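Colleague: I would like to learn how to read a model like this one, feature by feature. Where do we begin?

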Amino acid sequence: NAFARAVVRAGKPQVWLSVLVPFNEGEDAARVAEGITTRVDEQGSATATTDKLKITIGEDGAWSVAR
């Protein structure tokens, strides 16, 4: 698990991004987590990348997956 702290301000949208990656019992969870990167830009568009996928979610809700 990795957590971050955010300051919530009235009238300003706040975006949280959660990424769930299934893995096998006995597999090193830290190694799995090292393969995940995330980014949320100023407009609220989010990108999550794993070892095998790139998932993009736009601020308008449109999304895509590249394998």
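Colleague: Which residues line the second largest pocket?

Modeller: Keep in mind that this is a predicted model. To read a lining, go along the sequence and note which stretches take part. Here the list begins with Val-21, Pro-22 and Phe-23. Glu-27, Arg-31, Val-32, Gly-35 and Ile-36 follow. Thr-50, Asp-51, Lys-52 and Leu-53 complete the lining.

Colleague: How many nonpolar, polar and charged residues does that lining have?

Modeller: By class, six are nonpolar, two are polar and four are charged. The space in this pocket comes to about 240 Å³.

Colleague: Let me take two lining residues. Where does Ile-36 lie, and what does Ile-36 touch beyond its sequence neighbours?

Modeller: Place the residue in the secondary structure, then list its contacts. Ile-36 sits in the loop between helix H1 (29-34) and E1. Not counting residues up to four places away in sequence, Ile-36 touches Val-19, Val-21, Thr-49 and Thr-50. As a distance check, the C-alpha atoms of Ile-36 and Leu-17 are 12 Å apart, with their positions 19 residues apart along the chain.

Colleague: And Thr-50, which loop holds this residue?

Modeller: The loop between E2 and E3. With neighbours within four places in sequence left aside, Thr-50 is in contact with Val-21, Gly-35 and Ile-36.

Colleague: Are Ile-36 and Thr-50 buried or partly exposed?

Modeller: Here a cut-off matters: buried means under 20% relative accessible area. Thr-50 has 19%, so Thr-50 counts as buried. Ile-36 has a relative accessible area of 24%, so Ile-36 is partly exposed.

Colleague: Now a polar case. What joins the side chains of Ser-45 and Glu-59?

Modeller: For a side-chain pair, look at the kind of contact and its length. This one is a polar contact of 2.4 Å. Ser-45 has its place in the loop between strand E1 (37-40) and strand E2 (46-49). Leaving aside neighbours within four places in sequence, Ser-45 is in contact with Arg-39, Val-40, Ile-57, Gly-58 and Glu-59.

Colleague: Is Ser-45 buried or exposed?

Modeller: Buried, because its relative accessible area is 16%.

Colleague: Which strand holds Lys-54, and how should I read its surroundings?

Modeller: Use the same order: element, accessibility, contacts. Lys-54 is found in strand E3 (residues 54-57). At 43% relative accessible area, Lys-54 is partly exposed. Beyond its neighbours within four places in sequence, Lys-54 contacts Thr-47, Ala-48 and Thr-49, along with Ser-64, Val-65 and Ala-66. Ser-64 is ten residues from Lys-54 in sequence, and their C-alpha atoms are 8.2 Å apart.

Colleague: Step back to the whole chain. What pattern does the chain follow along the sequence?

Modeller: Count the elements, then read their order. There are one helix and four strands. The order is α-β-β-β-β.

Colleague: What radius of gyration does the chain have?

Modeller: Set the value against a reference. The chain has 14 Å, while a compact globule of 67 residues would have a value near 11 Å. Then look at the extents. The C-alpha trace spans about 45 × 25 × 15 Å along its principal axes.

Colleague: What share of the residues is buried?

Modeller: Buried residues make up 12% of the 67 in the chain. Ser-45 is one of the buried residues.

Colleague: And what share of the contacts joins residues at least 24 apart?

Modeller: Take contacts between residues at least 6 apart in sequence. Of these, 10% join residues at least 24 apart.

Notes
Residues numbered from 1 in each chain as written. Predicted model: local features only at pLDDT ≥ 70, side-chain atom pairs only at ≥ 80, totals over all residues. Heavy atoms only, no water. Helix = DSSP H or I, 4+ residues; strand = E, 2+ residues; numbered from the N terminus. Buried < 20%, exposed > 50% of the residue type's maximum accessible area, 1.4 Å probe, protein only. Contact = heavy atoms within 4.5 Å. 1 Å grid on protein atoms, 1.4 Å probe; cavity = no way out; pocket = protein on both sides within 12 Å on 5 of 7 lines; lining within 4 Å. Points joined across faces, edges and corners; volume = space filled by probe spheres on them. Nonpolar A, V, L, I, M, F, W, Y, C, P; charged D, E, K, R; others polar. Polar contact = N/O pair within 3.5 Å; in protein donor to acceptor, adjacent residues only side chain to side chain. Rg over C-alpha atoms; globule rule 2.2 N^0.38 Å.
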